[in-house]
Amino acid sequence: MRRKLVVGNWKMHGDQAMTTALCAEIARGVKQAIARAADPASVAEVALCPPHILIPLAATALADSEVAVGAQDVDAHANGAFSGQISADMLVDSGCRYVIVGHSERRTHYHETDALVAQKTATALAAGLSAIVCCGETMAQRQAERTEQVVERQLAAALDGIGAADFANLVIAYEPVWAIGSGVTATPTQAQQAHHFIRQRLAAHNPRAATCRILYGGSMKPQNAAALLANADIDGGLIGGAALQASDFLAICNAAAT
Ligand code: PEP
């Protein structure tokens, strides 16, 4: 049984006051949910990914809580002369357990290729982080019936550099680009179809990979979370806009409880 995982991606939002308040409120909500649950494992795992500069503050605010900290990106190199970049070891040192790689905003705005995303994934896993590898098609690709081809290409690149022992720390996020920040969500059927396809590709690559969690991302909100999360291959959510309001984010976490 795969435990559900809900990850908040704050993108380039927030300041110190917001970080302290939002982390405290979410930590409190998750603690209450665990106290209410007959089985604590039925409550979704939760992680928050603030901007890099707010990670140490979030880690302090979430210390002794059930909420993990993650980052939104990492450099592909282990260390070196790469001004402005942040390494996987630095993220670990600052309290991160997760890192998102290959988000469509990075692929689009910063021209990240499948090869670079694969390098970042391998570097993150080597440092002991759980890598949340994003994949997903644009609307033009979906309309051209190329969703599976695009997702398979993105996935194959990331999987190629991963040793079997690392699958335990690999998370896939299916994020149709047209659904991110748009208010338009994939239907539960569309999402489940894509997740099932990803699960099949993972299994074909390595049976151990089939146990990876596959998150859905793209305008997941309290109103649509339960219907999405009810599907067999949807193991949680990667949440953007709704992660900036504690009540919305906690409602999604509660919808993910099994
Ligand atoms: C995201 O940033 O990964 C995301 C899914 O954003 P939103 O929930 O706002 O669509």
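**Figure 1. Val171 and Arg213 face each other across the S6–S7 pairing of this predicted model.** Val171 stands opposite Arg213, a residue of S7. Strand S6 covers residues 170–174 and strand S7 covers residues 213–217. The two strands run parallel and are joined by four bridges. Tyr174 has its own counterpart in S7, namely Tyr216. The chain passes from S6 through H8 to S7, and this β-α-β crossover is right-handed.

**Figure 2. Strand S7 is buried along its length, with five of five residues counted as such.** Because five of the five residues are buried, S7 is largely enclosed by the rest of the structure. The side chains split into two sets. Arg213, Leu215 and Gly217 point one way from S7. Ile214 and Tyr216 point the other way. Both sets are buried.

**Figure 3. S7 also pairs with S8 in the parallel sense.** Two bridges link S7 and S8. Here Tyr216 stands opposite Gly237 of S8. Between the strands comes helix H9, residues 222–229. S7, H9 and S8 together make a right-handed β-α-β unit.

**Figure 4. Asn206 sits in the loop between helix H8 and S7.** Helix H8 spans residues 188–205. Is Asn206 buried or exposed? Its relative accessibility is 18%, so Asn206 counts as buried; the cut-off for buried is under 20%. Leaving aside residues up to four places away in sequence, Asn206 touches Ala164 and Phe167.

**Figure 5. Eight strands form a closed barrel.** The order is S1-S2-S3-S4-S5-S6-S7-S8, and the pairing is parallel. Neighbouring strands of this sheet are turned against each other by 25 degrees on average, direction ignored. Strands of a sheet pair through backbone hydrogen bonds, either parallel or antiparallel.

**Figure 6. Strand S2 is enclosed, and its residues point to two sides.** S2 runs over residues 45–49. Five of the five residues are buried, so the strand is largely enclosed by the rest of the structure. Glu45, Ala47 and Cys49 point one way. Val46 and Leu48 point the other way. The buried state holds for both groups.

**Figure 7. S2 pairs with S1 and with S3.** Strand S1, residues 5–9, pairs with S2 in the parallel sense over five bridges. Gly8 stands opposite Leu48 of S2. Helix H1, residues 16–36, joins S1 and S2 in a right-handed β-α-β unit. With strand S3, residues 67–71, S2 again pairs in the parallel sense, over three bridges. The bridge partner of Ala47 in S3 is Ala68. From S2 the chain crosses through helix H2, residues 55–62, to S3, and this β-α-β crossover is right-handed.

**Figure 8. Helices H5 and H10 lie across strands of the barrel.** Helix H5, residues 114–126, lies across strand S4 (96–101), strand S5 (130–135) and S6. H5 runs at about 165 degrees to S5. Helix H10, residues 246–255, lies across S1, S2 and strand S8 (236–239). H10 runs at about 160 degrees to S1.

**Figure 9. The largest pocket has a volume of about 530 Å³.** Which of its 18 lining residues are the closest to its centre? They are Lys11, Met12, Gln72, Arg106 and Tyr110. Helix H4, residues 104–109, gives the most to this lining, with three residues.

**Figure 10. The structure holds one cavity of 30 Å³ or more.** The largest cavity contains about 50 Å³ of space. Its lining consists of Gly102, Ser104, Arg107, Cys134, Cys135, Gly136, Gln154, Glu175, Val177 and Ile180. Which elements give two or more residues to this lining? They are H4 and S5. H4 thus appears in two views: H4 gives three residues to the lining of the largest pocket, and H4 is also among the elements that give two or more residues to the lining of the largest cavity.

Note on methods. Residues are numbered from 1 along each chain as its sequence is written. This is a predicted model: local features need pLDDT of at least 70, side-chain atom pairs count only at pLDDT 80 or more; totals for chains, interfaces and linings use all residues. Side-chain values use heavy atoms; hydrogens and water are left out. Buried means under 20% relative accessible area, exposed over 50%, partly exposed in between (1.4 Å probe, protein chains only). Two strands pair if DSSP finds at least two bridges between them. A crossover is right-handed if, with the strands pointing away from the viewer, the path from the first strand over the helix to the second runs clockwise. Axes are lines fitted to C-alpha atoms, for helices over the stretch in contact, and angles run from 0 to 180 degrees between N-to-C directions. Contact means heavy atoms within 4.5 Å. On a 1 Å grid over the protein atoms alone, a cavity is a set of points where a 1.4 Å probe fits but cannot get out, and a pocket is an open set with protein on both sides within 12 Å along at least five of seven lines; lining residues have an atom within 4 Å of a point. Grid points are joined across faces, edges and corners, and a volume is the space filled by probe spheres set on the points.
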